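Reader: I should like to discuss the terms applied to this structure. Please set each one against its definition.

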Amino acid sequence: VVVVSQAAVLTLMASAIVRGVAAIYPLPAEPEFPLLCLVVSGGHTQLVHSVKFSPDGTRLASADGGQSIRIWDRRAGTALQTIADPVQDFDWSPDGERLVSCRIDGVVRIWSAATGDKLVDVATHGGKQVYAIAVAPSGDFFATTGDDMTTRLWDLASGRQRAQFADESARYSIAFDRSGERAVSATSKQSAKIWRVADGTVLA
């Protein structure tokens, strides 16, 4: 798993590594950044399967094999928060104030990134496994994909469902474009689908 910070001032790459350690590497454009290999060292006890920079690039969140999300100071490599919850996938809100996570039992939770407190608890997809989650660029809503062969949109503030779209196959990953008007999903049929967020229409 590889993720690149969206902050314009950073050119860093974070990678999830099997032994519970994540490393931040400087990209060639910024050789002055030292190699940091202790960002999540010693924090996780299981495989780190997902890492994502906060929108401003100052923090890094990492999730391990079903135990926790940990939030780290990107420069100091120190732990800021630990969220103990079995996590399948997660995403940051655009303002960096919240994390939204999903679980294999269909539960989606919204957390305070500053305190680690749970803010909202949502039962989704009829209790089926939720594969992926993504917050829209507007920060108003988020999308989930599940084992029930649907993609659903949810209000970020309240957790109420906004829309539901039937899928022809399971979608294991999802991401919005910058406008939030389109999204792309990776499917179980070895393909990717671009679809319109307003009505779920597949565009390509």
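Reader: What do β12 and β13 form, and which residue in the turn has a positive phi?

Author: The two strands form a hairpin with five residues between them, and G139 in the turn has a positive phi of about 80°. The model is a predicted one, in which local features need pLDDT of at least 70, side-chain atom pairs count only at pLDDT 80 or more, and totals for chains, interfaces and linings use all residues. Residues are numbered from 1 along each chain as its sequence is written, and side-chain values use heavy atoms, with hydrogens and water left out.

Reader: What makes β12 and β13 a pair?

Author: Strands are DSSP runs (E, at least two residues; helices are H or I, at least four), numbered from the N terminus. Two strands pair if DSSP finds at least two bridges between them. Five bridges join β12 to β13 (residues 141-146), and the strands run antiparallel; the criterion is therefore met. Within this pair, A132 stands opposite T145.

Reader: How do you know that β14 pairs with β13 and with β15?

Author: β13 and β14 pair in the antiparallel sense over five bridges, with A143 opposite L153. Five bridges also join β14 to β15 (residues 161-166), again antiparallel, and there T151 stands opposite F165. The hairpin of β13 and β14 has three residues between the strands, with a positive phi of about 65° at M149. In the hairpin of β14 and β15, which has five residues between the strands, G159 takes a positive phi near 85°.

Reader: Why is β14 called largely enclosed?

Author: Buried means under 20% relative accessible area (exposed is over 50%, partly exposed in between; 1.4 Å probe, protein chains only). Six of the six residues of β14 (residues 150-155) are buried, so the strand is largely enclosed by the rest of the structure. Both faces are covered: T150, R152 and W154 are buried on one side, and T151, L153 and D155 on the other. For β12 (residues 130-135), too, six of the six residues are buried, so that strand is likewise largely enclosed.

Reader: Which residues have the most contacts inside the largest nonpolar core?

Author: A nonpolar core is a set of buried Ala, Val, Leu, Ile, Met, Phe, Trp, Tyr and Cys residues joined through side-chain atoms within 4.5 Å. The largest has 13 residues, and those with the most contacts inside it are F141, L153, I174, F176, W195 and V197. β12, β13, β15 and β16 (171-176) each supply at least two residues of this core. A second, separate core of twelve residues includes V130, I133, F142 and W154.
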